[in-house]
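Work through these exercises with the structure open beside you. Try each task before reading its solution.

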Amino acid sequence: MKNIGYLAAGYMVVWSGLLLYLWRLLSIQNGLQRRLAVLEEGAGPQAGDNEDDPE
Amino acid sequence: MSRIRPIGLLSSVSIALFALSIYYVLLVVPVEREMGIVQKIFYLHVPMAITGFIFFFLAFLFSIFYLKRQNRKWDIFAASSVEIGLLLTTLVLITGSIWARPIWNTWWTWDPRLTATFILWLIYSAYLILRLSVDNEGKRAVFCAVMAIVGFVDVPIVFLSARIWRSIHPVVVKTRSIAIEPKMGIALLLFMAAFISLGAILLWLRTSLSIFEGKLLSLEKQGGN
Amino acid sequence: MGAFVGLIKKDLTVALRRKETFVSMVFFAILILFIMNMAIGMGEKISPDMAAGILWVAVLFSSISGLGSTFSMEKTNRCIDGLLISPVHSATVFLAKMTVNLAFLSLAEMIIVPLFLVLYGNHVQSLHLSLLLIILLLNLGLTSIGTLISGITAGSRRNDVLLPILLFPVITPLIAFTIKATGALFAGAPFQEYAPWLKLTAAFALIFSTAGYFLFEHVLREN
C-alpha cells in the first residue's frame, strides 16, 4: 500500500484534466450561444431563418 | 434530435468502458511486485500516450486532406485532433512524472522517451499558438496544415534522435521491464478502448462547436452588412 | 534554371543592401557566446559536448534574424505579388530562398565559428577540417525547414516571435545530431565515430527540403 497517494494523485490529475477540457468546451458553447442570442435580438426576424437549431 | 443519438450511445459506451476499466484495474489486476501499487498509473498512462499519438496522426491526415481539397471541414478536424492529442499528451507527461517520483526518485529525467514526448508536446503547442496568431481564416488553415504535416514528419526523427542519444550516452535510468500478465494486458486494452471512445466523443464535440462557430461568424457578417 | 539564378541574384542583391540583418545576426551570436560564458563560471572546464552545445545554440539563435528577413523584403511594397503572377514555379522560389538563406548563414558562421574558437578554444581539445562538413549539413537542415517556416510566419501578425516558437521544437533532433557530432570532433574522436550522426543530419536536411519543396506552394499562395 506504499505510495498509494501517488496513484490517487495520478488518477485525480487525469480525471480533472479531462473534466477541465469538457468544461472548456461547455464554456465555448455558452459563449457561442450568447453571441447567437445577441445576433437574433439585433437582427430581428430577417436573420432568424436558419439558426433556430443551434444545438 | 436524431443526430444526437449516435453520440449519446457512444457516450454511454465510453462511460461504461471507463467504469469497467477502473474497477478492473483497481480490484482485479494484481499489484506489481517490484514497483507496488503506483504501477497502476501505467494502465492510464500508456493508453493515453497511444491515443494521443493516434490523434496527432489523424491531424496529419486531415491536414493533407485540407491541402488537397481546401475544404474548411478538414481544417476544423485537424485543429480539433491536435487539441485532443495535446490534452492527452499533457496528461501523459503529468502522470509519468507522478509515477517517476516514487519509482525513479525524481519528477523528471531526460530519458529518451520522456524527452521525445516533451518535444512532441512542444511541437503541437506551437501549432496551437500559430492558430491563435493568424486571423485570416483561409491563411490560418493553410499555415496550420503545413505545420501539422511538418510536425508529424518530424515525429519519427524526434524518437530516433532521443533513442540513439541514449545508446551513446550512459544510461542514467533504465526503464524497468514489466512482466506483463494476461490480466495486465486486459486492463491496458480496456483503458485503450475507453480512451479511444472518449477521444472520438471529444473530437465530435470539438468539431461541431467549431462548425457552429463558423456558421455564427458568417451570420454575424451578414448582420454587419 | 534561369529563373532560379535570377531569383537568387535578386534576393542576394536586396539582402546585401540591407546589411543590418547580417550585422545583427553576428552580433546576436556574439552576445550569446558572451552570456553562455557567464553560465560556465570562471576557470571551469567544460566537456566538448557542452562547448559544441554553446556554439550551436549561438548559431541557432542568430539564424533567426536571417531567416526572419527571408520574406520581409517581399512584403514591403508587395513585391511578392509580382513573384506570384510570374510563371516561376513555387518550388523554384523555395530553392532560391533556401539558397540565399544558406549563403547568409554560412557567411555569418565564417565570423561566428572562428570567434567561438577564440573565446572557447581552451575547451576544445581537437579540431578537424570535417567541422566544415558538419557546418554545411547543419546549415542545409536549418535553412530547409527554416525557409518553409519563415514563409508561414511572414504571413502572420507576429513574425519575430512566432518564427522561433515554430522552428525550435521541430529542429531539436537536428541540433541534437549536430551537437553530438561536433562534441565527438572536439573530443578528438575519429571521423567514423561521428559519421552516423552526420548521416542523420543529412537525412534531416533531405526530408525537410523535400517537405519544403512540396509544401511551399501552399505557403507562398497565402502570403
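pLDDT is the predictor's confidence in each residue, from 0 to 100. This is a predicted model, in which local features need pLDDT of at least 70 and side-chain atom pairs count only at pLDDT 80 or more, while totals for chains, interfaces and linings use all residues. Residues are numbered from 1 along each chain as its sequence is written, and chains are lettered from A and ligands numbered from 1 in the order in which they are written.

**Exercise 1. Judge the confidence in chains B and C, and in the complex.**

Step 1. Start with chain B. Its mean pLDDT is 86, and 90% of its residues reach 70 or more.

Step 2. Go element by element. Helices here are DSSP runs of H or I with at least four residues, strands are runs of E with at least two, and both are numbered from the N terminus. In chain B, helix α2 (residues 42–69) has the highest mean pLDDT, 94. Helix α5 (residues 137–168) has the lowest among the elements of chain B, 86.

Step 3. Find the weak stretch. Over residues 168–174 of chain B, pLDDT stays under 50. Two residues are in contact if their C-beta atoms, placed from the backbone, lie within 7 Å. The model has six contacts beyond four places in sequence for residues 168–174 of chain B. Where pLDDT is low, the predicted coordinates should not be read in detail.

Step 4. Turn to chain C. Its average pLDDT is 87, and 98% of the residues score at least 70. Confidence in chain C is lowest in helix α4 (residues 72–75), with a mean of 71, and highest in α7(C), with 94.

Step 5. Finish with the complex. The predictor gives an ipTM of 0.88 and a pTM of 0.88.

**Exercise 2. Describe the folds of chains A and B.**

Step 1. Count the elements. Chain A has one helix and zero strands. Chain B has six helices and zero strands.

Step 2. Check burial. A residue is buried if 20 or more other C-beta atoms lie within 10 Å of its own, exposed if 12 or fewer, and partly exposed in between, with C-beta atoms placed from the backbone. Of the 55 residues of chain A, 7% count as buried. For the 225 residues of chain B, the figure is 41%.

Step 3. Look at contact range in chain B. Among its contacts with a separation of 6 or more, 81% join residues 24 or more positions apart.

**Exercise 3. Work out which chains touch.**

Step 1. Take chains A and B. Here 26 residues of chain A are in contact with 26 residues of chain B.

Step 2. Sort the side of chain A by class. Ala, Val, Leu, Ile, Met, Phe, Trp, Tyr, Cys and Pro count as nonpolar, Asp, Glu, Lys and Arg as charged, and the others, Gly among them, as polar. The side of chain A that touches chain B has 17 nonpolar, five polar and four charged residues.

Step 3. Take chains C and B. In this pair, 23 residues of chain C are in contact with 26 residues of chain B. On the side of chain C, α7 (131–154), α8 (159–186) and α9 (191–221) each supply at least two residues. The largest share, 10 residues, comes from α8(C). By class, this side has 15 nonpolar, four polar and four charged residues.

Step 4. Compare. Of the two pairs of chains that touch, A and B have the most contacts. Chains A and C do not touch, and their nearest C-alpha atoms are 24 Å apart.

**Exercise 4. Place Asn139(C): is it buried or exposed?**

Step 1. Locate Asn139(C) in helix α7 of chain C.

Step 2. Count its surroundings. Asn139(C) is buried, because 23 other C-beta atoms lie within 10 Å.

Step 3. List its contacts. Leaving out residues up to four places away in sequence, Asn139(C) touches Leu102(C), Leu105(C) and Ser106(C).

**Exercise 5. Examine two residues of chain B with positive phi.**

Step 1. Recall the background. Most residues other than glycine have a negative phi.

Step 2. Take Gln70(B). Its phi is positive, about 60°, although it is not a glycine. Gln70(B) sits in the loop between α2 and α3 (72–104) of chain B. It counts as partly exposed, because it has 14 C-beta neighbours inside 10 Å.

Step 3. Take Asn105(B). Its phi is positive, about 65°, and it is not a glycine either. Asn105(B) lies in the loop between α3 and α4 (112–133) of chain B. With 9 C-beta neighbours inside 10 Å, Asn105(B) counts as exposed.
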